[in-house]
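Please look at the bound molecule and its surroundings in the entry below. My notes follow as numbered points.

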Amino acid sequence: MYKVIGATRSRTLRVLWMLEELGQPYTHVPVAPRSDEAKAHNPSGKIPALLDGDDTLTDSVAIMTYLADKHGKLTATAGTIARARQDAMTFWLIDEMDAILWSAAKHSAILPEGQRVPAVIASLHAEFSTSAEKLSDALDGDFLIGDSLTVPDILACHCLNWAIGAKFPRTDDKLFRYAKALRERPAYQVAFSR
Ligand SMILES: N[C@@H](CCC(=O)N[C@@H](CS)C(=O)NCC(=O)O)C(=O)O
């Protein structure tokens, strides 16, 4: 059985949500980032990690992609044009949403105080708003790719939720409704309640 390492209120939620969508059984060890328990599975102390048998996997997007490929769901098949397009969306989200949110987190709480540059936050808010407009323009239906949930939807929804929690400027109604509908999925609800 899979074992998920990491507190729910973190990128770990992406992995929990993925496993719920896949209907795969797992146990959950909700440890804080940088804790000794987190370091036992990933020397950097970063969460999430996924234990699959004797193997430990790290990075939320790498884990989601692995699980989707392994179980043949929530993804286009590897090595197809459809998959290349799906991955382009996934990597765009990492560059243009996750990285911006992470920079804001670092400059407001994560970095040692002397290394924080609070003035960068306003710039990151503006950058995120531009990204959100582009994502909204790209969205044509209930899902980012095709007519069913795929890995980038989980990533996008998590980033949009994170932006709300971090008090980034509100996105447009279309994106708000998109993320809200994803949050209403039973798999998300179960994962979020862990
Ligand atoms: N790209 C990695 C980032 C992992 C990451 O930075 N996780 C945060 C919690 S959401 C963390 O563990 N931060 C602690 C640190 O960076 O020291 C992923 O997607 O899993």
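**Notes on the ligand and its pocket**

1. The residues around the ligand, meaning those with a heavy atom within 4 Å of it, are Ser10, Arg11, Arg14, Pro33, Arg34, Gly45, Lys46, Ile47, Pro48, Asp59, Ser60 and Trp102. This is a predicted model, in which local features need pLDDT of at least 70 and side-chain atom pairs count only at pLDDT 80 or more, while totals for chains, interfaces and linings use all residues. Residues are numbered from 1 along each chain as its sequence is written, and side-chain values use heavy atoms, with hydrogens and water left out.

2. Three polar contacts (pairs of N or O atoms within 3.5 Å) deserve a look. A polar side-chain atom of Arg34 lies 2.7 Å from a ligand oxygen, and a side-chain N or O atom of Lys46 is 2.8 Å from an oxygen of the ligand, whereas for Asp59 the partner is a ligand nitrogen, at 2.9 Å. Of the 500 Å² of accessible area (Shrake-Rupley method, 1.4 Å probe) that the ligand has on its own, the protein covers 82%.

3. The ligand sits in the largest pocket, where sitting requires more than half of its atoms within 2 Å of the grid points. A pocket here is an open set of points on a 1 Å grid over the protein atoms alone, where a 1.4 Å probe fits, with protein on both sides within 12 Å along at least five of seven lines, and its lining residues have an atom within 4 Å of a point.

4. This pocket holds about 690 Å³ of space, taken as the space filled by probe spheres set on the points. It is lined by 27 residues, of which Ser10, Arg11, Ile47, Trp102 and Trp162 are closest to its centre.

Notes:
A polar contact is a pair of N or O atoms within 3.5 Å; within protein, one must be able to donate a hydrogen and the other to accept it, and residues adjacent in sequence count only if both atoms are side-chain atoms.
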